[in-house]
Amino acid sequence: MIHAQKNRAPQVSGDQGRDAMPRNDELKFQVNCDAGANGQLRVASEQLVVNVGQKIVRDGHTEIWDSVVVRCSEETDGSCTVHVLLCNPDWEEPMHLACLRSSPDTGSPNQVSLFCHLTSEVGR
């Protein structure tokens with residue numbers, strides 16, 4: 001089960017890198033990955049691309065297929081955008097599943113902090 005987390009500062013294992021992490025108000029994107037016994041990754045960045053691959057068998061051969069792609073970038077207006085794509089080896093193009101956009105701070109009390117657009121358009 002996935003839980004949304006609010007106002008959580010990035011965590012770094014050990015003492016290395018604590019001074020290198022930006023403050024929360026300077027962050028654009030953050031990824032937390034837990035691979036069980038294989039380790040963890042916690043990183044903050046200006047942009048981010050995460051590919052999630054899984055084992056598939058195609059034509060009698062086993063391979064890892066990137067089935068989910070998450071692309072994060074800052075737009076020219078200062079908003080931060082996350083695009084979620086689904087990929088299948090039987091499809092000609094990825095399916096654009098969702099776009100999440102956080103608004104730049106305009107100071108408006110009516111400002112939507114996170115806009116989510118769900119879609120099933122292929123090729124976006």
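Of the 124 residues in this protein chain, 17% are buried. What you have in front of you is a predicted model, with an average pLDDT of 80 across the chain and 74% of the residues scoring at least 70. The fold has 7 strands and 0 helices. Here is a friendly tour, starting with the whole chain and moving on to individual residues.

**The chain as a whole**

- Reading along the sequence, you meet the pattern β-β-β-β-β-β-β.
- About 9500 Å² of the protein chain is exposed, and carbon and sulfur atoms supply 50% of that area.
- If you take the contacts between residues at least 6 apart in sequence, 20% of them join residues at least 24 apart.
- Please read residues 1–19 with caution: pLDDT stays under 50 there, and the model has 17 contacts beyond four places in sequence for this stretch.

**Cysteines and the nonpolar core**

- How many disulfides does a search of the whole structure find? The search finds 0.
- Cysteine 72 is in no disulfide, and its nearest cysteine sulfur, which belongs to cysteine 80, is 9.0 Å away. That distance rules out a disulfide because the two sulfur atoms would have to be within 2.5 Å.
- Cysteine 72 counts as buried because its relative accessibility is 7%, under the 20% cut-off.
- Cysteine 33, by contrast, is partly exposed, with a relative accessibility of 36%.
- Which residues make up the largest nonpolar core? Its 5 residues are Phe29, Val31, Leu48, Cys72 and Cys80.
- As general background, nonpolar side chains in soluble globular proteins tend to be buried together.
- Leucine 48, one of the core residues, touches Phe29, Val31 and Cys72 among others. Its contacts beyond four places in sequence also include Gln30, Val70 and Arg71.

**Strand 3 and the loop after it**

- Asparagine 51 sits in strand 3, which covers residues 48–58.
- Is asparagine 51 buried, exposed or partly exposed? With a relative accessibility of 42%, asparagine 51 is partly exposed, because that value falls between the 20% and 50% cut-offs.
- Leaving out residues up to four places away in sequence, asparagine 51 touches Asp66, Val68 and Val69. With aspartate 66 there is also a side-chain to side-chain polar contact of 3.2 Å.
- The C-alpha atoms of asparagine 51 and leucine 85 are 9.6 Å apart, although 34 residues separate the two along the chain.
- Aspartate 59 lies in the loop between strand 3 and strand 4. Its phi is near 50°, a positive value in a residue other than glycine.
- Aspartate 59 counts as exposed because its relative accessible area is 74%, over the 50% cut-off.

**Strand 4: serine 67**

- Serine 67 belongs to strand 4, which runs over residues 61–74.
- Serine 67 is buried, with a relative accessible area of 11%.
- Beyond four places in sequence, serine 67 touches Val52, Gly53 and Gln54, and also Leu85, Leu86 and Cys87.

**Strand 5: threonine 81 and histidine 83**

- Threonine 81 is found in strand 5, residues 80–86, and histidine 83 is in strand 5 as well.
- At 0% relative accessibility, threonine 81 is buried, whereas histidine 83 is partly exposed at 26%.
- Which side chain makes a polar contact with the side chain of threonine 81? The partner is glutamate 75, at 3.2 Å.
- Outside its near sequence neighbours, up to four places away, threonine 81 touches Phe29, Arg71, Cys72, Ser73, Glu75, Cys99, Leu100 and Arg101. Phe29 and Cys72 from that list also belong to the largest nonpolar core.
- The side chain of histidine 83 makes a polar contact of 2.8 Å with the side chain of histidine 96.
- Histidine 83 is in contact with Val69, Val70 and Arg71, and with His96, Ala98 and Cys99, leaving aside neighbours within four places in sequence.
- The C-alpha atoms of histidine 83 and cysteine 72 are separated by 6.4 Å, with the two residues 11 apart along the chain.

Definitions and conventions:
Residues are numbered from 1 along each chain as its sequence is written. Side-chain values use heavy atoms; hydrogens and water are left out. Helices (H or I, at least four residues) and strands (E, at least two) are DSSP runs, numbered from the N terminus. Buried means under 20% relative accessible area, exposed over 50%, partly exposed in between (1.4 Å probe, protein chains only). Contact means heavy atoms within 4.5 Å. A polar contact is a pair of N or O atoms within 3.5 Å; within protein, one must be able to donate a hydrogen and the other to accept it, and residues adjacent in sequence count only if both atoms are side-chain atoms. pLDDT is the predictor's confidence in each residue, from 0 to 100. Accessible areas come from the Shrake-Rupley method with a 1.4 Å probe; for residues, only the protein chains shown count as cover. A nonpolar core is a set of buried Ala, Val, Leu, Ile, Met, Phe, Trp, Tyr and Cys residues joined through side-chain atoms within 4.5 Å.
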